[in-house]
Amino acid sequence: IYIPVVTPFNKDESINFQGIKEVTKFLSDNGVTGIIPSGSTGEMIALTKEEQIAVNKAYIEAGHEYGIKVVASTGAYRTRDVVEMSKAAENDGADGIMAVTPWYMGPNEKELFEHYKTVHDAINIPVMLYHNPYYSTVLMSDEFMAKLYNEECIDAVKERQADVFRQQNLRRLTDDNFAIFYGYDVCPVECLSCWTDGWVCGTGNLFPKENVDVYRLASAKQTADAMKAHENEIWPY
């Protein structure tokens, strides 16, 4: 279970680096596997490239200190910016990077293939595709996402469309080395009980222990208990 962490700010909108350490310790103390800084929850759209690199570095250092993994979000509209931020994250010790599809003027499949292939070939740590058609305007087919994996452009996916069948189909089209992460908070038990390897959980910023409990129960195939925990511990909030 990975938490797409918030970016703490000071009142003058500068980065609150002490806050980053506090967030990381809080999540580590509550049992999460890892964190993803500078994603949607981390307000990547509001950060400059330099701020994004700095936030990733600070979270990587804190992750090392508190013993959890860090997959740095390095998404950007320009491929060369993604490459630059991904290289920086690798040099700073990230366990992997996550890159959302370029947004606004959505690229076609040929452009997306070249984008992710370029990023993948530029670094030596795993690349997670962040598939979020609701925010990015880019809706990928299962077949194309599988092609990205099968032709060595990505190693994992955060599937934000949150369709259990799509995740089942992705597994059919790839193999067990392709890491499929459920990327929303509505039906993690169903996804974890079927085909996914992990959960990227936004509400974990607020309720990490409760979400970790759900994750562990679902991963252990204790489906009924996991469903009850998800209903009783998460949704009342």
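Arg166 and Asp142 form a salt bridge, with their closest N and O atoms 2.6 Å apart. The pair links distant parts of the chain: Arg166 sits in helix α7, Asp142 in helix α6 (residues 142–150), and 24 residues separate them. Both Arg166 and Asp142 are buried. One caution belongs here: this is a predicted model.

Helix α7 holds a second salt bridge partner. Arg171, also in α7, pairs with Asp197, which lies in the loop between α8 (188–194) and β8 (198–199). Their side chains meet at 2.8 Å, N to O. Here too the link joins distant parts of the chain, 26 residues apart. Arg171 counts as buried because its relative accessibility is 10%, and the cut-off for buried is under 20%. Asp197 has a relative accessible area of 39%, so Asp197 is partly exposed.

Now follow α7 to its neighbours in the chain. Helix α7 (residues 164–173) joins β6 and β7 in a β-α-β unit, and the unit is right-handed. Strand β6 covers residues 156–159. Strand β7 covers residues 179–182. The two strands run parallel and are joined by four bridges. Within that pairing, Val157 stands opposite Ile180 in β7.

What pairs with β6 in the parallel sense over four bridges, besides β7? Strand β5 (residues 127–131) does. Met128 has Ala156 in β6 as its bridge partner. Tyr130 stands opposite Lys158 in β6.

Which residues of β6 are buried on each face? Side chains in a regular strand alternate between the two faces of the sheet. In β6, Ala156 and Lys158 lie on one side, Val157 and Glu159 on the other, and all are buried. Both faces of this strand are therefore covered, since buried means under 20% relative accessible area.

Step back to the whole sheet. Strands of a sheet pair through backbone hydrogen bonds, either parallel or antiparallel. Here eight strands form an open sheet, and the pairing is parallel. Their order is β1-β2-β3-β4-β5-β6-β7-β8. The edge strands are β1 (2–4) and β8, each of which pairs on one side only.

After β1 comes a loop that leads to α1 (17–29), and Asn16 lies in that loop. Asn16 is partly exposed because its relative accessible area is 22%. The C-alpha atom of Asn16 is 18 Å from that of Ala72, and the two positions lie 56 residues apart along the chain.

Further along the chain is another loop, between β3 (69–73) and α3 (79–91), and Tyr77 has its place there. Tyr77 has 39% relative accessibility, so Tyr77 counts as partly exposed. Together with Tyr104 and Met105, Tyr77 makes a nonpolar surface patch of about 410 Å².

Helix α3 brings the story back to charge. Glu84 forms a salt bridge with Lys49, with the closest N and O atoms 2.9 Å apart. Glu84 is in helix α3 and Lys49 is in helix α2 (residues 49–66), so the pair links distant parts of the chain, 35 residues apart. Glu84 counts as partly exposed because its relative accessibility is 38%. Lys49 is also partly exposed, because its value is 23%. The two residues belong to a network of salt bridges that links Lys49, Arg78, Asp81 and Glu84. How many salt bridges does the count come to? The count comes to nine.

The cysteines remain. How many disulfides does a search of the whole structure find? The search finds zero. Cys201 shows how this comes about: its nearest cysteine sulfur, that of Cys187, is 12 Å away. That pair makes no disulfide because the cut-off is a sulfur pair within 2.5 Å. Cys201 is buried, because its relative accessibility is 0%. Cys153 is buried too, because its relative accessible area is 0%.

Methods. Residues numbered from 1 in each chain as written. Predicted model: local features only at pLDDT ≥ 70, side-chain atom pairs only at ≥ 80, totals over all residues. Heavy atoms only, no water. Patch = residues over 30% accessible without salt bridge, like charges linked within 9 Å, V, L, I, M, F, W, Y side chains within 5 Å. Areas by Shrake-Rupley, 256 points an atom, 1.4 Å probe, with all protein chains shown as cover. Salt bridge = Lys/Arg side-chain N within 4 Å of Asp/Glu carboxyl O. Buried < 20%, exposed > 50% of the residue type's maximum accessible area, 1.4 Å probe, protein only. Pairing = 2+ DSSP bridges. Right-handed = clockwise from strand over helix to strand, strands pointing away.
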